[in-house]
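Biologist: Please take a close look at one helix pair in this model and tell me how the two helices pack.

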Amino acid sequence: MKYLKFMALSVAAVLSGCGQPPGQYAIGVHEVYERLLNSDFTEFRYDRQCGILIHIKVAERQPDQSITWEVSSIGRRMLSFTARLTAVDATHTKIDIEVSKEANGREAYDGNQKYWRPAVQQPLRPALEEQIASTLSERPYSDKHLPHKIIPANDACDIQQAGLITGAYCVRADDPPTIEPRDARCPR
Amino acid sequence: MTRLTMTFGSLIAFGLYILFDFTWGESAVTYKQPIAAVRAKLETAQAPPLVFGSEHNKRFKLVQNDSHSVVWIVEEGGKEALRFIAHLTPVGADATEVRVDVSGPTSGAFGDVQRRLSEYRSVRHMYVIAMKERVAATLGDRMYNWAVVAPTVAFATIANLTGLSKQMDSAGEAFRHSDREAIRKAYANEAARQGGR
């Protein structure tokens, strides 16, 4: 009986993401809000990190309306993103994602931005959509659901990431554009 | 029709070549050089290129050189993964017969490599042919001829596509795990530093 209940819940969770218009989920707005508020960004961070250490925390929230997360590094705000919730009806919710803008007026980490010290891999938006979809479907975040990952704009990201992974050098968000490896020895 | 015949003919020719190669390709070769000269030259032999997959973290080194054989091992991460042996037999005073073989450890960091070499004969054959060409190039004072090895590599690749795919998946998973561990440690260090302030 327990298994039947589990199966029914799993099927319901899978079906909730099927046959919906983009960004719309067959879940009531309050439940969407609650699930997103408790969204775990661990896998997202492993997948999208760029070598500088980042932290993703809820910065603002308006119950059943919106949640804004801030991505920071060494206490410095790097970017933010917001999920805006609109109740379509009692059992359906539409989610619009907004990402903070850069000085050039374009969305941060849109796939064509240039950063000396990028915080996350570009383009960010598909990864945010996957984070939301996986949270609402109660399944693990997976990069397999992303359309593409490596683009030229990620060059600095790849270099920083290689340093962190190999332990050869660790870059910080406040480092100048060029830094000698001896000045960036891990751990910092 | 002509194109079909040519394709079919090419496949048969490739199959016959591989059959010939499997049957006689590993046989010993006699070099008109005394055994002392052969040993001295083989001490300088380098790894055959492009047959070990990623060269990252691999090391090819001479571990034995006596009157009967020269032995090299391929190390990965400091652990023996493969062993190449050139068996030397003097043929008169000024010639030496050289037969190349490959083996692997039966236990340890990479498991039973010897058993896998027996199972994946095309891969084992590829290693022998590649090393045999390296020996021939070294003793002949010439460049390594990739064309000699290419058909064997192509056959080994085709014959082991499923296995290669699994190996790549497994290697990818291992890299992902190691990457994640490094990232996790970096965050743990940062948390420890902040906690210590």
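Modeller: What follows describes one helix pair in chain A, then chain B and its contact with chain A.

This is a predicted model, in which local features need pLDDT of at least 70 and side-chain atom pairs count only at pLDDT 80 or more, while totals for chains, interfaces and linings use all residues. Residues are numbered from 1 along each chain as its sequence is written, and chains are lettered from A and ligands numbered from 1 in the order in which they are written.

In chain A, helix 2 (residues 29-37) packs against helix 4 (residues 125-137) at about 110°, and their axes are 9 Å apart. Helices here are DSSP runs of H or I with at least four residues, strands are E runs of at least two, and both are numbered from the N terminus. The axes are lines fitted to C-alpha atoms over the stretch in contact, with angles from 0 to 180 degrees between N-to-C directions. Helix 2 and helix 4 of chain A are therefore roughly perpendicular (65 to 115 degrees). Helix 2 of chain A contributes V32(A), R35(A) and L36(A) to the contact, and helix 4 of chain A contributes I132(A), T135(A) and L136(A). Contact means C-beta atoms, placed from the backbone, within 7 Å. By class, this helix contact has four nonpolar residues, one polar and one charged; Ala, Val, Leu, Ile, Met, Phe, Trp, Tyr, Cys and Pro count as nonpolar, Asp, Glu, Lys and Arg as charged, and the others, Gly among them, as polar.

Chain B has six helices and five strands. Eight residues of chain B are in contact with eight residues of chain A. On the chain B side, four are nonpolar, one is polar and three are charged.

Key:
Two residues are in contact if their C-beta atoms, placed from the backbone, lie within 7 Å. Angles under 35 degrees count as roughly parallel, over 145 as roughly antiparallel, 65 to 115 as roughly perpendicular and the rest as oblique.
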